[in-house]
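Student: I am new to this structure and would like to learn how to read it one feature at a time. Could we begin with how far the coordinates can be trusted?

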Amino acid sequence: FARMPAPVMENHDLIEIASSQVALMKPAHRDIDFKTITHGHDELVISCDDGLIRQAITNLLQNAIDAMDEANIKDKKIHIDMRQQEHHIAIKIIDNGPGLPGENSSELTKPYVTHREKGTGLGLAIVAKIIEDHSGELVLGQADKSDPLNGASVTMLFPHRLT
């Protein structure tokens, strides 16, 4: 964790990155309904490190999968909602698992803090570091009550920047 590589910033499409990470995970998790929502955008291009963003998305997807498995969720769903906002591009990963722990949720991005039986406490810490290195913001929470998925909601916000 202490030796995270410095990001190599180039223009990349976040939709392509997220879609390819989902495609990699689908074969091993056929029991999960993955859905990517792009709100009519064909691409959402920012300056970022392709490999680090892939790692962040994979960590968040794996966290959702592990939480749903530990909670014995039968009809597992993960939605990746990507949209352009006024000042950011947002990638929100929502699941229908048990959600994030209510107490000390701000501590979850610190190294070695975990509430899961088999967690290492590094997944969210690594994601937070990657987002910080991209001048972005990581927002942890619960899915909106109006959302059909009512589990955890993790949003990565990236500034509109190109190289």
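Tutor: A useful starting point is pLDDT, the predictor's confidence in each residue, given on a scale from 0 to 100. Where that value is low, the predicted coordinates should not be read in detail. This is a predicted model, and its chain averages a pLDDT of 87, with 82% of the residues scoring at least 70.

Student: In which strand is confidence lowest, and in which helix is it highest?

Tutor: The lowest confidence is in strand E6, residues 137–142, at a mean of 88, whereas the highest is in helix H1, residues 14–25, at 97.

Student: How should I read the sheet, and in what order do its strands lie?

Tutor: Follow the strands from one edge to the other: the 5 strands form an open sheet in the order E2-E4-E5-E7-E6, with mixed pairing. Strands E2 (32–37) and E6 are at the edges and have a single partner strand each, so one side of each lacks a neighbour in the sheet. From one strand to the next, the twist averages 15°. Within the sheet, strand E5 (residues 88–95) pairs with strand E7 (residues 152–159) in the antiparallel sense over 7 bridges, and Ile93 has Val154 in E7 as its bridge partner.

Student: Which strands does H1 touch?

Tutor: H1 packs on the sheet and touches E2, strand E4 (76–84), E5 and E7, its direction making about 170° with that of E4. Helix H3, residues 123–133, lies across E6 and E7 and runs at about 140° to E6.

Student: How is a pair of packed helices described?

Tutor: Two packed helices are described by the angle between their axes and the distance between the axes. Here the axes of H2 and H3 come within 9 Å and cross at roughly 150°, and the crossing is left-handed. Among the residues making this contact are Leu52 and Ile53 of H2 and Leu124 and Ile126 of H3.

Student: What lies at the ends of H2?

Tutor: Asp49 caps the N-terminal end of H2, with a side-chain oxygen 3.1 Å from the backbone nitrogen of Gly51, and just after H2, Asn72 takes a positive phi of about 55°.

Definitions and conventions
Residues are numbered from 1 along each chain as its sequence is written. This is a predicted model: local features need pLDDT of at least 70, side-chain atom pairs count only at pLDDT 80 or more; totals for chains, interfaces and linings use all residues. Side-chain values use heavy atoms; hydrogens and water are left out. A polar contact is a pair of N or O atoms within 3.5 Å; within protein, one must be able to donate a hydrogen and the other to accept it, and residues adjacent in sequence count only if both atoms are side-chain atoms. Helices (H or I, at least four residues) and strands (E, at least two) are DSSP runs, numbered from the N terminus. Two strands pair if DSSP finds at least two bridges between them. Axes are lines fitted to C-alpha atoms, for helices over the stretch in contact, and angles run from 0 to 180 degrees between N-to-C directions. Contact means heavy atoms within 4.5 Å. A crossing is left-handed if the near helix is turned anticlockwise from the far one by less than a right angle, and right-handed if clockwise.
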